[in-house]
Structure formats: structure tokens, C-alpha cells
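Open the model in your viewer and show it as a cartoon. This tour goes from the sheet to single side chains, one selection at a time.

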Amino acid sequence: MTEEILKAAAKEHGHECPGLALGLRVSEIASEVFGWEKIPEDLTVTADRPACYVDGIRFMTGCSPANGRISFRNDGKWAFVFSSSGRKISVELKSRPNFAAGREAMMESVLFGDRDELFNISDLV
């Protein structure tokens with residue numbers, strides 16, 4: 001993840017925030033796991049609920065509620081399911097963010113922290 005991506009996404013979103021950072025990072029992880037060079041047209045994403053991370057996912061993948069490629073399950077889990085070509089992966093935040101750490105520290109951790117320490121990544125299909 002680069003600072004330039006964060007700045008460009010924040011310009012579209014309206015501000016930098018941990019939720020936006022989370023959407024960017026889970027999308028980046030999905031892209032790495034799937035091995036995409038280009039985001040596939042059939043990609044869909046399932047997330048917990050509409051929140052700032054949706055703009056990060058939209059920025060990175062083009063998926064949005066408006067085009068029907070993001071859906072919500074409202075289950076309280078910080079897990080994101082990316083589906084394409086019959087394969088599904090889940091990228092789940094291992095623990096709730098430490099809000100007491102402050103906004104900048106949370107964003108730094110989500111964007112640049114060790115992937116395996118922060119997220120459970122699993123194939124579902």
C-alpha cells in the first residue's frame with residue numbers, strides 16, 4: 001500500500017480514516033491472494049454493513065452497492081468475502097481496532113502492519 005493510494009482514496013471519500021484504510025488493505029490482500037493483475041469483472045464482495053471501508057473497497061476494486069457488487073450481511077463481523085470465478089476468500093480482522101491508540105496509529109497499523117498478525121485469510125470455496 002502506498003501513501004499515494006491512500007491520498008487518492010481519501011480525496012474521493014472525503015477524509016482519511018481507519019475504515020477507509022481497512023477497505024484499501026483488505027482489497028489489496030484479496031488481490032494478492034487471488035493473484036490478480038487486473039480486477040475481474042465478476043468480482044463481488046460481502047461485508048458486514050455500509051461503512052467507510054466500502055469506499056476503500058470501491059476505490060481498489062470498482063465494486064460498490066450501486067453496481068450490485070457489494071452486499072451486506074449485518075452480522076457484526078469484521079470479515080470481508082471476495083468472490084470471483086467460483087472461488088471465495090475471507091479476509092477477517094483478527095481483533096477489533098484499538099480505538100484508544102488514536103486515528104493515525106490505527107490507520108498505520110491497518111495499512112502497514114503484518115498481514116498475518118492482523119488478518120485471518122481463508123479459502124471458502
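Two strands count as paired here if DSSP finds at least two bridges between them. The model is a predicted one. With that rule in hand, select the strands. In what order do the 5 strands of the open sheet lie? The order is β2-β1-β3-β4-β5, and the pairing is mixed. β2 and β5 (119-123) take the edges. Each has a single partner strand, so one side of each has no neighbour in the sheet. Look along the sheet next: neighbouring strands are turned by 20° against each other on average, direction ignored.

Now add helix α2, residues 18-34. Helix α2 packs on the sheet and touches β3, β4 (87-93) and β5. Its direction makes about 140° with that of β4.

**The whole chain**

Zoom out. The chain has 5 helices and 5 strands. Along the sequence they follow the pattern α-α-β-α-β-β-β-α-α-β. The C-alpha atoms fill a box of roughly 40 × 30 × 30 Å along the principal axes. A compact globule of 125 residues would have a radius of gyration near 14 Å; the chain has 13 Å, which agrees.

Colour by burial. Buried residues make up 41% of the 125 residues. Turn on the surface: the accessible area comes to about 6,600 Å², and 50% of it belongs to carbon and sulfur atoms. Among contacts with a separation of 6 or more, 70% join residues 24 or more positions apart.

**Strand β1**

Select residues 44-47, which are strand β1. Which side chains of β1 point to the buried face? Val-45 and Ala-47 do. Thr-44 and Thr-46 point to the other face and are not buried.

Bring in the partners. Strand β3 (residues 79-84) pairs with β1 in the antiparallel sense, over 3 bridges. Find Thr-44 again: Ser-83 in β3 stands opposite. Strand β2 (residues 70-72) pairs with β1 in the parallel sense, also over 3 bridges. Here Val-45 stands opposite Ile-70 in β2. Trace the chain from β1 to β2. The path runs through helix α3 (residues 53-61), and this β-α-β crossover is right-handed.

**Ser-27, in helix α2**

Return to helix α2 and pick Ser-27. Is Ser-27 buried or exposed? Its relative accessible area is 2%, so Ser-27 is buried; the cut-off for buried is under 20%. Show what surrounds Ser-27. Leaving aside neighbours within four places in sequence, Ser-27 is in contact with Gly-56, Ile-57, Met-60, Thr-61 and Phe-82. Place these on the elements already visited: helix α3 spans residues 53-61, and β3 spans residues 79-84.

**Phe-59, in helix α3**

Move to helix α3 and pick Phe-59. At 25% relative accessibility, Phe-59 counts as partly exposed, because that class runs between the 20% and 50% limits. Which residues touch Phe-59, once neighbours within four places in sequence are left aside? Ile-5, Ala-8, Ala-9, Glu-12 and Leu-24 do.

Finish with a distance. Draw a line between the C-alpha atoms of Phe-59 and Arg-25. These residues are 34 apart along the chain, and the line spans 11 Å.

How values were computed
Residues numbered from 1 in each chain as written. Predicted model: local features only at pLDDT ≥ 70, side-chain atom pairs only at ≥ 80, totals over all residues. Heavy atoms only, no water. Buried < 20%, exposed > 50% of the residue type's maximum accessible area, 1.4 Å probe, protein only. Helix = DSSP H or I, 4+ residues; strand = E, 2+ residues; numbered from the N terminus. Right-handed = clockwise from strand over helix to strand, strands pointing away. Rg over C-alpha atoms; globule rule 2.2 N^0.38 Å. Contact = heavy atoms within 4.5 Å. Areas by Shrake-Rupley, 256 points an atom, 1.4 Å probe, with all protein chains shown as cover. Axes fitted to C-alpha atoms, helices over the stretch in contact; angles between N-to-C directions.
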